[in-house]
Amino acid sequence: MGISKSFLLELGHEVNSTKKIIACVPNDQWGWKPHAKSMSLGDLSKHIVELTIWTENILTKDHLDFQTDYKALEASTKEELLTLLDKYEKAVISSLNMFDEEKWMNDWKLKSGEHVIVEMPKVAANRFIVNNHIYHHRGQLSVYLRLLDVAIPGMYGPSADDAH
């Protein structure tokens, strides 16, 4: 199995898990923070969703520059985020299906102007900067929701809130 095929399999499962947890976000708590230094519930949810489309950038470009390429995701409800997640999933699938497998080892950079934050092969960038980043923040989101007494969906099997 090639790298692209493995990412497609992972994408399908993980986007479904992301959809399940984003669907639980209470719109009326969008600005809630568990701590003054924390992202708000809405900002964390938006960040999780926007990271999904970064795979398309990694596949089609050689860098993402925060000063010229990045625009913060504008959404204010979970419904908007779920619609964007569907759109992003389709775009990533299309890009993965057209991607030349040999280019996974080409370098990709995350930059801010001339400052290179990180440079690594596309395969590593997709794993560490996109996928692992999403999983990390989804875990944070589950804690936020637990603190708000929102039932947490199972993502890798049943959760404590799923009926037994």
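# Reading cavities, charges and contacts

Reader: Let's start with the empty space. How many cavities of 30 Å³ or more does the count come to?

Author: One cavity of 30 Å³ or more. The general idea goes like this: rolling a probe the size of a water molecule over the atoms shows where empty space is left. On a 1 Å grid over the protein atoms alone, a cavity is a set of points where a 1.4 Å probe fits but cannot get out; a pocket is an open set with protein on both sides within 12 Å along at least five of seven lines, and lining residues have an atom within 4 Å of a point. Grid points are joined across faces, edges and corners, and the volume is the space filled by probe spheres set on them.

Reader: And where do these coordinates come from?

Author: This is a predicted model, so to speak of a local feature we need pLDDT of at least 70, and side-chain atom pairs count only at pLDDT 80 or more, while totals for chains, interfaces and linings use all residues. Residues are numbered from 1 along each chain as its sequence is written, and side-chain values use heavy atoms, leaving out hydrogens and water.

Reader: Back to the hole, then. What volume does the largest cavity have, and which residues lie nearest its centre?

Author: Its volume is about 170 Å³. The lining has 17 residues, and L11, E14, V15, N131 and I134 lie nearest the centre. At least two lining residues come from each of α1, α2 (41-60), α3 (78-98) and α4 (122-147). Helices here are DSSP runs of H or I, at least four residues long, and strands are runs of E, at least two, numbered from the N terminus.

Reader: What's the make-up of that cavity lining by class?

Author: Nine nonpolar, five polar and three charged residues. In this scheme Ala, Val, Leu, Ile, Met, Phe, Trp, Tyr, Cys and Pro are nonpolar, Asp, Glu, Lys and Arg are charged, and the others, Gly among them, are polar.

Reader: What about the largest pocket: what is its volume, and which element gives the largest share of its lining?

Author: The volume is about 290 Å³. Of its 15 lining residues, I53, W54, L64, D69 and K71 are the closest to the centre. Helix α2 gives the largest share, six residues. By class, the pocket lining has seven nonpolar, two polar and six charged residues.

Reader: Now charges. How many salt bridges does a search of the whole structure find?

Author: Seven. To count, a side-chain nitrogen of Lys or Arg must be within 4 Å of a carboxyl oxygen of Asp or Glu. One of the pairs is R127 with E10, at 2.7 Å, N to O. That pair links distant parts of the chain, with R127 in helix α4 and E10 in helix α1, 117 residues apart.

Reader: Which side chain does D86 meet in a salt bridge?

Author: K19, at 2.6 Å, N to O. D86 is in helix α3 and K19 is in helix α1, so this pair ties together parts 67 residues apart in sequence. K19, D86 and E89 are linked in a network of salt bridges. D86 is partly exposed at 32% relative accessible area, where buried means under 20%, exposed over 50% and partly exposed in between (1.4 Å probe, protein chains only). K19 is partly exposed too, at 22%.

Reader: So what about a charge without a partner? What is the nearest side chain of opposite charge to K111?

Author: D65, 4.5 Å away; K111 is buried yet has no salt bridge. For charge, Lys and Arg count as positive and Asp and Glu as negative, with His and the chain ends not counted. K111 is found in strand β2 (residues 107-112). Leaving aside neighbours within four places in sequence, K111 is in contact (heavy atoms within 4.5 Å) with H63, L64, D65, F66, V116 and I117.

Reader: Last one, backbone angles. Which sign does phi of D149 have, positive or negative?

Author: Most residues other than glycine have a negative phi. Phi of D149 is near 60°, a positive value. D149 sits in the segment after α4 and is exposed, with a relative accessible area of 70%.
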